[in-house]
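Q: I'm new to reading protein models, and I'd like a close look at one part. Could you walk me through the nonpolar core and the strands and helices around it?

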Amino acid sequence: PSTVIVKPQVVVDGNGHPVMHSTGDLLQVWDNINKALTTARISIVDRNQSLGLYFIDLVEDGKKATYQLKLTRTSNDNVISLQKDDDTLAESALSQRTLASLLTHWPSE
């Protein structure tokens with residue numbers, strides 16, 4: 001039986017920070033993130049699938065910096081968040097723009 005792919009949604013978490021929710025198989029979501037980043041022309045510096053991390057280069061205020069796109073499995077779905085480092089979320093505006101771009105370029109199948 002084929003699984004219905006539901007397009008992810010950008011939602012605001014309990015702290016008012018934008019995150020992306022995606023249903024489905026973790027590996028499929030991991031591949032879709034890769035495809036969306038590539039299509040959106042967001043530079044992937046490195047990735048660590050066992051930690052669920054993509055290291056990506058983003059330009060903010062004319063400065064390039066490496067951020068972490070983190071994929072976390074929850075009981076119901078997968079959560080994708082943008083972080084400056086392991087302990088710090090990226091600015092809301094940058095997260096919103098980056099996640100919106102991923103959403104726009106998310107594969108449809």
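**A close look at the core**

A: Happily! The largest nonpolar core has 21 residues, and those with the most contacts inside it are Ile33, Leu37, Ile56, Leu69, Ile80 and Leu82. At least two residues of this core come from each of α1 (26-39), β4 (53-60), β5 (63-73), β6 (78-83) and α2 (92-104). The element that gives the most is α1, with 5 residues. Please keep in mind that this is a predicted model. As general background, nonpolar side chains tend to be buried together in soluble globular proteins.

Let's pick one core residue and see what surrounds it. Leaving aside neighbours within four places in sequence, Leu69 is in contact with Ile33, Leu37, Gly52, Leu53, Tyr54, Ile56, Ile80, Ser81, Leu82, Leu99 and Leu102. One of these partners, Ser81, is worth a visit of its own. Ser81 sits in strand β6, and it counts as buried because its relative accessibility is 9%, below the 20% cut-off. With residues up to four places away in sequence not counted, Ser81 touches Val19, Gln68, Leu69, Lys70 and Leu89.

Now for the strands. Six of them, in the order β1-β2-β6-β5-β4-β3, make an open sheet with antiparallel pairing. The edges are taken by β1 (9-12) and β3 (43-48); each has a single partner strand, so one side of each is left without a neighbour in the sheet. On average, neighbouring strands of this sheet are turned by 30° against each other, direction ignored.

Where do the helices go? Helix α1 lies across β2 (18-22), β3, β4, β5 and β6, and it runs at about 160° to β5. Helix α2 lies across β1, β2, β4, β5 and β6, and its angle to β2 is about 30°.

Strand β4 deserves a slower look. Of its 8 residues, 6 are buried, so β4 is largely enclosed by the rest of the structure. On one side, β4 pairs with β3 in the antiparallel sense over 5 bridges. Within this pairing, Asn48 stands opposite Leu53, and Asp46 stands opposite Phe55. The hairpin of β3 and β4 has 4 residues between the strands, and there Gly52 takes a positive phi near 70°. You may remember Gly52 as one of the contacts of Leu69.

Strand β4 also pairs with β5, again in the antiparallel sense, over 8 bridges. Here Glu60 has Lys63 in β5 as its bridge partner. These two strands form a hairpin with 2 residues between them, and Asp61 in the turn has a positive phi of about 55°.

One more feature links β4 to a helix. The structure holds 1 aromatic pair. The ring centres of Trp30 and Tyr54 are 4.2 Å apart and the planes are at 25°, so the pair is stacked. Trp30 belongs to helix α1 and Tyr54 to strand β4, so the pair ties together parts that are 24 residues apart in sequence. Both partners are hidden away: Trp30 is buried, with a relative accessible area of 5%, and Tyr54 is buried too, with a relative accessible area of 1%. Tyr54 is also among the contacts of Leu69, which brings us back to the core where we started.

Notes: Residues are numbered from 1 along each chain as its sequence is written. This is a predicted model: local features need pLDDT of at least 70, side-chain atom pairs count only at pLDDT 80 or more; totals for chains, interfaces and linings use all residues. Side-chain values use heavy atoms; hydrogens and water are left out. A nonpolar core is a set of buried Ala, Val, Leu, Ile, Met, Phe, Trp, Tyr and Cys residues joined through side-chain atoms within 4.5 Å. Buried means under 20% relative accessible area, exposed over 50%, partly exposed in between (1.4 Å probe, protein chains only). Contact means heavy atoms within 4.5 Å. Rings of Phe, Tyr and Trp (its six-membered ring) pair if their centres lie within 6.5 Å; planes under 30 degrees apart count as stacked, over 60 as edge-to-face and the rest as tilted. Two strands pair if DSSP finds at least two bridges between them. Axes are lines fitted to C-alpha atoms, for helices over the stretch in contact, and angles run from 0 to 180 degrees between N-to-C directions.
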